Amino acid sequence: MTEKPDLLGMTLEEAKTLAKDLGEAAFRGQQLYGWMQKGVPLEEMANLPASFRERLRTECIYRLPQIVQKQVSKVDGTIKYLVSMIDGECVESVFMRYAHGNVVCVSCQAGCRMGCAFCASTLRGRSRDLTAGEILGQVAVIGRDTGERIGGVVMMGIGEPLDNYENTVRFLHLVSKTEGLNIGLRHISVSTCGLVPQIYRLAEEGLPVTLSVSLHASDDGVRSKLMPVNKTYPIDSLLQACQYYFDKTGRRVSFEYTLIAGENDRLADAAALADRLRRTLRGPCHVNLILLNPVRETGLSAPRREGARAFCAYLEKRGISATIRRRLGSDIDASCGQLRRRHLEGLENRNLQEKS
Ligand code: SAH
């Protein structure tokens, strides 16, 4: 049995071809494409003939995510969404307002199998990859819900983008199309825990996105404890891949460093980080310091803010560009993975109650 065509994952040209294949004029495909980019459900695509919509419904798959839950920050207008895919898998997406424009954070997998010690998304492993259309759908649906222009995307939600490589790259192509959502590749960040072969591969795609590498430690022992991926791709191999990415794309690599009390937050750790980056990288880089958002099960806690400031100041003194990430939506808590987890726990409790 061949798979039904995935509507949201189509380019404009593909949508036109599909319309023709279904016996309609090509402009019907264009209308369909326009609606999809706006996150509109099939039944609301008012200018499409009912018969065409019916054929789309039965012969294709329209994987538009549904908003299940929404939390709006009173502090800064950040909106956290729990969205459901057509098979009921839920992921999180976030809408953030910055001075330079609105940014959406998308998820790329339902769950994650990377096993990082501090992260909520990986606690239950990975259920499945999201399709390119499902990743795009998150941006489209949030655009519709907020009614606002979205200028940037960060792939920093649930999942590891480079562990879902094909769909991630297809998504990057789709979301940056001028006839579509038209989000410039330079305004897109792909965050990775450090899958080295895929970093080399991404460098060859000709996509000038910002590569954001979750480093979190400059010592292999510490990093392997926090991030099991480091046992396969240790720090030197990772930094070499980052250097290659810079050489190929000319894009400054950005490092995420989550400060965890007693694990990686001493000034000696800052010194070791500065040494290691200086020694291995020739190109420019930037370090984004993040205060751990504590996840109960992990037993890890965040350092105090003054400690983070001193860490940041030290890096700057050593000539390494560094900032502490502003925490948006502090009143709606929930770092990525927590809403989904609570949702799954809720479902299980309901099932248990129904059984008893
Ligand atoms: N899989 C990608 C995207 C993960 S989420 C990656 O590993 O980069 C984006 C960032 O948030 C990553 O740097 C991740 O390590 C970090 N992160 C995950 N859980 C966190 C937590 N509880 N507190 C602070 N940062 C966290």
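The following exchange between a trainee and a mentor goes through a predicted model, with its ligand surroundings, its cysteines and several individual residues.

Trainee: Which residues come nearest to the ligand, of the 18 residues around it?

Mentor: The shell around the ligand divides into seven nonpolar, nine polar and two charged residues. Of the 18 residues in that shell, the ones that come nearest are Gly-159, Ser-191, Ser-214, His-216 and Asn-293.

Trainee: How much of the ligand does the protein bury, and what polar atoms lie around the ligand?

Mentor: On the backbone side, an N or O atom of Gly-159 lies 3.0 Å from a nitrogen atom of the ligand, while a polar backbone atom of Cys-193 is 3.4 Å from a ligand oxygen. A side chain takes part as well, since a polar side-chain atom of Thr-258 lies 3.2 Å from a nitrogen atom of the ligand. Taken alone, the ligand exposes 530 Å², and the part of this area that the protein buries is 90%.

Trainee: Which elements give two or more residues to the shell around the ligand?

Mentor: One of them is the strand that holds Ser-189, which covers residues 188-192, and the other covers residues 253-259. The elements that give two or more residues to the shell are therefore strands E8 and E10.

Trainee: Is Ser-189 buried or exposed, and what does Ser-189 contact?

Mentor: Ser-189 sits in strand E8, and, once its neighbours within four places in sequence are left aside, Ser-189 is in contact with Val-153, Val-154, Met-155, Met-156 and Thr-210. Its relative accessible area is 15%, and because the limit for burial is under 20%, Ser-189 counts as buried.

Trainee: How many disulfides does a search of the whole structure find, and why is there no bond between Cys-193 and Cys-116?

Mentor: Cys-193 is buried, at 5% relative accessibility, and its closest cysteine sulfur is that of Cys-116, at 5.6 Å. A disulfide needs sulfur atoms within 2.5 Å, so this pair is too far apart for a bond. Cys-242 is in no disulfide either, the nearest cysteine sulfur, that of Cys-285, being 9.1 Å away. Over the whole structure, the number of disulfides found is zero.

Trainee: What is the relative accessible area of Cys-242, and which helix holds Gln-243?

Mentor: Cys-242 is buried, and its relative accessible area is 1%. Gln-243 is buried as well, with a relative accessible area of 6%, and the helix that holds Gln-243, covering residues 235-249, is H9.

Trainee: Which backbone atom does the side chain of Gln-243 reach?

Mentor: Not counting residues up to four places away in sequence, Gln-243 touches Thr-280, Leu-281, Arg-282 and Gly-283. Although Gln-243 and Arg-282 are 39 residues apart along the chain, their C-alpha atoms are separated by 7.0 Å. The atom that the side chain of Gln-243 reaches, at 2.6 Å, is the backbone nitrogen of Arg-282.

Trainee: Where is Gln-109 placed, and what is its relative accessible area?

Mentor: Gln-109 is placed in strand E5, residues 109-111. Beyond the residues up to four places away in sequence, Gln-109 touches a set of residues that includes Val-91, Arg-126, Ile-158, Gly-159 and Asn-164. Gln-109 is buried, and its relative accessible area is 0%.

Trainee: What is the phi of His-216, and how do its place and burial compare with those of Asn-182?

Mentor: Asn-182, in the loop between helix H5 and strand E8, has a positive phi of about 55° although it is not a glycine, and at 35% relative accessibility Asn-182 counts as partly exposed. His-216 lies in the loop between strand E9 and helix H7, and at 4% relative accessibility His-216 counts as buried. His-216 also has a positive phi in a residue other than glycine, near 65°.

Trainee: What separates the C-alpha atoms of Val-169 and Glu-205?

Mentor: Val-169 is in helix H5 and is buried, with a relative accessible area of 8%. Leaving out residues up to four places away in sequence, Val-169 touches Leu-202, Glu-205 and Leu-207. Val-169 and Glu-205 are 36 residues apart along the chain, and the separation of their C-alpha atoms is 8.3 Å.

Terms used
Residues are numbered from 1 along each chain as its sequence is written. This is a predicted model: local features need pLDDT of at least 70, side-chain atom pairs count only at pLDDT 80 or more; totals for chains, interfaces and linings use all residues. Side-chain values use heavy atoms; hydrogens and water are left out. Helices (H or I, at least four residues) and strands (E, at least two) are DSSP runs, numbered from the N terminus. Buried means under 20% relative accessible area, exposed over 50%, partly exposed in between (1.4 Å probe, protein chains only). Contact means heavy atoms within 4.5 Å. A residue is near a molecule or strand if one of its heavy atoms lies within 4 Å of it. A polar contact is a pair of N or O atoms within 3.5 Å; within protein, one must be able to donate a hydrogen and the other to accept it, and residues adjacent in sequence count only if both atoms are side-chain atoms. Accessible areas come from the Shrake-Rupley method with a 1.4 Å probe; for residues, only the protein chains shown count as cover. Ala, Val, Leu, Ile, Met, Phe, Trp, Tyr, Cys and Pro count as nonpolar, Asp, Glu, Lys and Arg as charged, and the others, Gly among them, as polar.
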